[in-house]
Amino acid sequence: MSEHRLSLAVNGRERQLHGKLVSYQLPVTDLPAAGPGNGNGSGHNAGTWSVAIVGLGYVGLPTALALHGRCPRIIGVDISENRLAAIAAHDADLAETDRPRLVAALADGTLELTSDMAAIAAADAVIICVPTPVDDSRVPDLAALRGACAAVVSHARAGQTIILTSTTYAGTTTELLTEPLAARGLVAGTDVFVAFSPERIDPGNPDHVQRETPRVVGGATKACTGRAAWVVGHLTDVVYLVSSPDAAEATKLYENVFRAVSLALANEFADACGALGLDPVEVTLAAGTKPYGFLGAFPGPGVGGHCIPCDPHYLLWQLASSGRSLPLIKQAMRSIDLRPARVTQRAREVLAADGQDLAGARVVVVGASYKAGVRDLRESPALPLIAGLLDQGADVSCYDPLVPVIDLPGGGVLESVAAPQGSGFDLAIVHTVHPGVSYSWVADCPRVLDATYQFDLAPHRTVV
Ligand SMILES: NC(=O)c1ccc[n+]([C@@H]2O[C@H](COP(=O)([O-])OP(=O)(O)OC[C@H]3O[C@@H](n4cnc5c(N)ncnc54)[C@H](O)[C@@H]3O)[C@@H](O)[C@H]2O)c1
């Protein structure tokens with residue numbers, strides 16, 4: 001197994017600390033090239049085992065596809081008929097490398113699609129990847145997860161390995177799987193094998209492929225950890241074991257809390273650079289040359305997607321219920337929430353510098369999805385940004401070829417402009433820049449506010 005460098009600020013002691021980790025290696029006899037294996041301690045025959053993936057979204061579908069060629073039967077289970085139909089029609093927001101895999105997995109029949117939860121019973125292993133959002137009050141919304149886990153528990157059978165991968169607070173696997181299974185007479189570690197293994201998929205980023213991204217596994221018992229590691233070992237070459245599902249759950253929350261805090265810091269530091277007349281990207285890149293003790297992030301218009309704006313609230317909520325507060329994390333989340341309003345304020349300032357009001361100004365938001373290369377609008381900062389601009393009376397357009405229609409938070413829709421002319425707007429706000437899309441027209445806008453800090457096609461641009 002290749003040793004992965006630890007991302008820890010421990011001044012050169014990474015190798016020493018690496019020895020404290022427990023890693024798992026899938027037996028070579030269980031890799032497809034070696035043919036069907038057996039007697040591997042996994043309880044499953046590598047040549048005939050089957051897996052059910054519950055929830056085929058941004059995480060579940062690529063997970064199913066990563067098993068193509070490594071698992072002979074993949075049962076994709078989703079409650080949404082629309083989602084299943086889109087997948088069957090090859091119409092899913094997928095990395096380029098996953099598109100041919102989807103075509104192949106459907107064509108050779110390895111990937112079956114169903115909305116029938118009873119299909120779970122046929123699988124040797126079950127991987128749960130359903131959404132774990134927050135509600136309007138930033139409280140964890142476990143409705144999908146509770147529904148999925150209840151279905152898995154009711155269809156579970158002896159011998160199954162059940163792995164929860166949805167991001168959630170410590171204790172969820174025990175509460176929603178281990179305990180209800182025991183109530184059904186299926187004891188974890190003896191009758192069934194239950195574990196948590198957080199997802200680390202990075203949608204839209206071709207640099208982080210699943211096979212090379214290490215995974216963490218924590219089972220309800222040692223036997224559970226071993227069986228779950230065998231399954232996860234088919235998704236990635238590097239698996240690390242922790243002592244419990246709770247430790248694995250907390251691992252994922254720490255990763256995303258870290259990211260949230262560092263993004264909030266990057267935005268604040270960018271504001272400080274602005275006040276000092278410095279370019280935050282230049283300073284960040286220069287700081288990033290330090291080979292230890294610094295792990296930077298770039299500033300932007302805010303933070304979106306299903307993870308960073310939501311996951312830290314799972315920790316905040318859990319600890320708040322026992323009267324504990326986490327002021328640094330709370331402040332980071334508040335800063336993240338306020339960032340789009342800062343962009344709106346800068347738009348007002350940029351126009352005011354030329355004596356123009358934001359009210360009535362023709363403003364085009366360039367890119368609506370929360371990050372480059374994906375269609376995903378969930379929690380995108382573009383949504384509060386557009387809402388804020390509309391509130392101030394601006395005449396708002398949007399250009400995002402990946403998102404032809406945007407449902408606005410307060411109702412109404414905004415369609416992406418088909419063929420934008422830069423000279424037709426008073427201001428362009430650059431929010432997301434997708435690979436493979438031409439943005440040369442933006443240079444013709446009289447004013448460009450670059451919320452990505454890295455849009456170099458308009459020399460006259462200003463940043464947030
Ligand atoms: N999107 C990411 O970048 C990312 C990365 C790492 C981890 N995660 C975590 O992975 C989990 C899944 O996120 P996602 O982005 O794939 O969500 P998603 O919304 O893209 O997909 C979830 C799918 O689950 C289906 N579903 C909902 N309830 C169901 C049920 N009861 N039974 C079966 N299917 C059900 C939905 O129809 C949908 O197709 C979340 O916990 C998320 O935090 C996401």
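**Notes on three helix pairs and the ligand site**

1. Starting with the first pair on my list: helix H5 (residues 143-155) packs against helix H6 (residues 172-183) at an angle of about 25°, and their axes are 9 Å apart. Helices here are DSSP runs of H or I, at least four residues, numbered from the N terminus. Axes are lines fitted to C-alpha atoms over the stretch in contact, with angles from 0 to 180 degrees between N-to-C directions. H5 and H6 are therefore roughly parallel to each other (angles under 35 degrees count as that, over 145 as roughly antiparallel, 65 to 115 as roughly perpendicular, and the rest as oblique).

2. A word on the model before going on. This is a predicted model, where local features need pLDDT of at least 70 and side-chain atom pairs count only at pLDDT 80 or more, while totals for chains, interfaces and linings use all residues. Residues are numbered from 1 along each chain as its sequence is written, and side-chain values use heavy atoms, with hydrogens and water left out.

3. Back to H5 and H6: their crossing is right-handed (the near helix is turned clockwise from the far one by less than a right angle; anticlockwise would be left-handed). From H5, Leu 145, Arg 146, Cys 149, Val 152 and Val 153 meet Thr 172, Glu 175, Leu 176, Leu 177, Pro 180 and Leu 181 of H6, contact being heavy atoms within 4.5 Å. By class, that contact has 8 nonpolar, 1 polar and 2 charged residues (Ala, Val, Leu, Ile, Met, Phe, Trp, Tyr, Cys and Pro count as nonpolar, Asp, Glu, Lys and Arg as charged, and the others, Gly among them, as polar).

4. Next, H8 and H10. The axes of H8 (residues 245-275) and H10 (residues 311-320) come within 8 Å and cross at roughly 110°, so the two are roughly perpendicular to each other. This crossing is left-handed. H8 brings Lys 252, Leu 253, Asn 256, Val 257 and Ala 260, and H10 brings Asp 311, Pro 312, Tyr 314 and Leu 315. The split is 6 nonpolar, 1 polar and 2 charged.

5. Then H11 (residues 327-352) and H12 (residues 382-391), which pack at about 40° with axes 8 Å apart. That makes H11 oblique to H12. Pro 340, Val 343, Thr 344 and Ala 347 of H11 meet Pro 384, Leu 385, Gly 388 and Leu 389 of H12. No charged residues turn up in this contact, just 6 nonpolar and 2 polar.

6. Finally, the ligand. Of the 27 residues around the ligand, Val 59, Asp 78, Thr 132, Thr 167 and Arg 378 come nearest (a residue is near if one of its heavy atoms lies within 4 Å). A polar backbone atom of Val 59 is 2.8 Å from a ligand oxygen atom, and one of Tyr 58 is 3.0 Å from a ligand oxygen atom.

Methods. A polar contact is a pair of N or O atoms within 3.5 Å; within protein, one must be able to donate a hydrogen and the other to accept it, and residues adjacent in sequence count only if both atoms are side-chain atoms.
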